[in-house]
Amino acid sequence: MDDSDYIALETLNNFGTDIYDDNILFVVFGVLAVSLLVIISMRFSLNAVSFTDEEARTLGVNAGRMRIIVLVCATLMTTAAQVNYGDVGMLALLIPHLCRNWFGCDFRYILLGSAGIGAVIMMLCRFIRYLFRFNEYLVLIPVSIIINIVTIPVIIIILITQQRGWRQE
């Protein structure tokens, strides 16, 4: 492959291509790992953030500081995933909502469930990507397109069911 092919693959956000330098991948995975460890270590206190600041302070949690730390770590993790895998915004919208419906409101379960289910769906999208080859030269659909095709119907179904719940009340 020449340079123009690598540039085309990079702009299409192909999943797992070999166009990245090892140092960049080391930094991306390092940021992802450190941010994930910080959020996992705070998962027991994240339930207190849903209360008011005074109630959280009564529980011994500085809610303002925790919100800032979680916001920075979540932003870093999303950016690292997007640098490596392409547009993962639809998964970032869908997976936490599904996990909240399935596991309840406890952040200990939502956090680990979101990570696990998100990883499984990413691997399924990668598998679907390899199922649809257009010719013998291995022209692959970008993973971001597969993610959007898979997640948009699910988001529409969730919105329709939530709208039904609002009308019944």
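**Exercise 1.** For this predicted model, determine what share of the contacts in the protein chain with a separation of 6 or more comes from residues 24 or more positions apart, and state which secondary-structure pattern the chain follows.

*Solution.* Begin with the contacts: of those with a separation of 6 or more, 60% are accounted for by residues 24 or more positions apart. Next, count the elements, which gives 7 helices and 0 strands, so that the pattern read along the sequence is α-α-α-α-α-α-α.

**Exercise 2.** Establish how much of the protein chain counts as buried and how the confidence is distributed among its elements.

*Solution.* Of the 169 residues, 28% count as buried, while the accessible surface comes to about 11200 Å², with 66% of that area belonging to carbon and sulfur atoms. Turning to confidence, the mean pLDDT of the chain is 77, and 78% of its residues reach 70 or more. Among the elements, the lowest mean pLDDT, 54, is that of helix 1 (residues 3-11), whereas the highest, 88, belongs to helix 3 (residues 53-58).

**Exercise 3.** Identify which residues form the nonpolar patch on the surface, which helices supply at least two residues each, and whether F26 is buried or exposed.

*Solution.* The patch is formed by F26, V27, V31, I68, V72 and L76, which together have about 570 Å² of accessible area. Helix 2 (22-41) and helix 4 (63-85) each supply at least two of the patch residues. Finally, consider F26, which is found in helix 2: because its relative accessible area is 67%, and exposed means over 50%, F26 is classed as exposed.

How values were computed:
Residues are numbered from 1 along each chain as its sequence is written. This is a predicted model: local features need pLDDT of at least 70, side-chain atom pairs count only at pLDDT 80 or more; totals for chains, interfaces and linings use all residues. Side-chain values use heavy atoms; hydrogens and water are left out. Helices (H or I, at least four residues) and strands (E, at least two) are DSSP runs, numbered from the N terminus. Buried means under 20% relative accessible area, exposed over 50%, partly exposed in between (1.4 Å probe, protein chains only). Contact means heavy atoms within 4.5 Å. Accessible areas come from the Shrake-Rupley method with a 1.4 Å probe; for residues, only the protein chains shown count as cover. pLDDT is the predictor's confidence in each residue, from 0 to 100. Patches are made of residues with over 30% relative accessible area and no salt bridge: like charges are joined within 9 Å, nonpolar side chains (Val, Leu, Ile, Met, Phe, Trp, Tyr) within 5 Å. A salt bridge is a side-chain nitrogen of Lys or Arg within 4 Å of a carboxyl oxygen of Asp or Glu.
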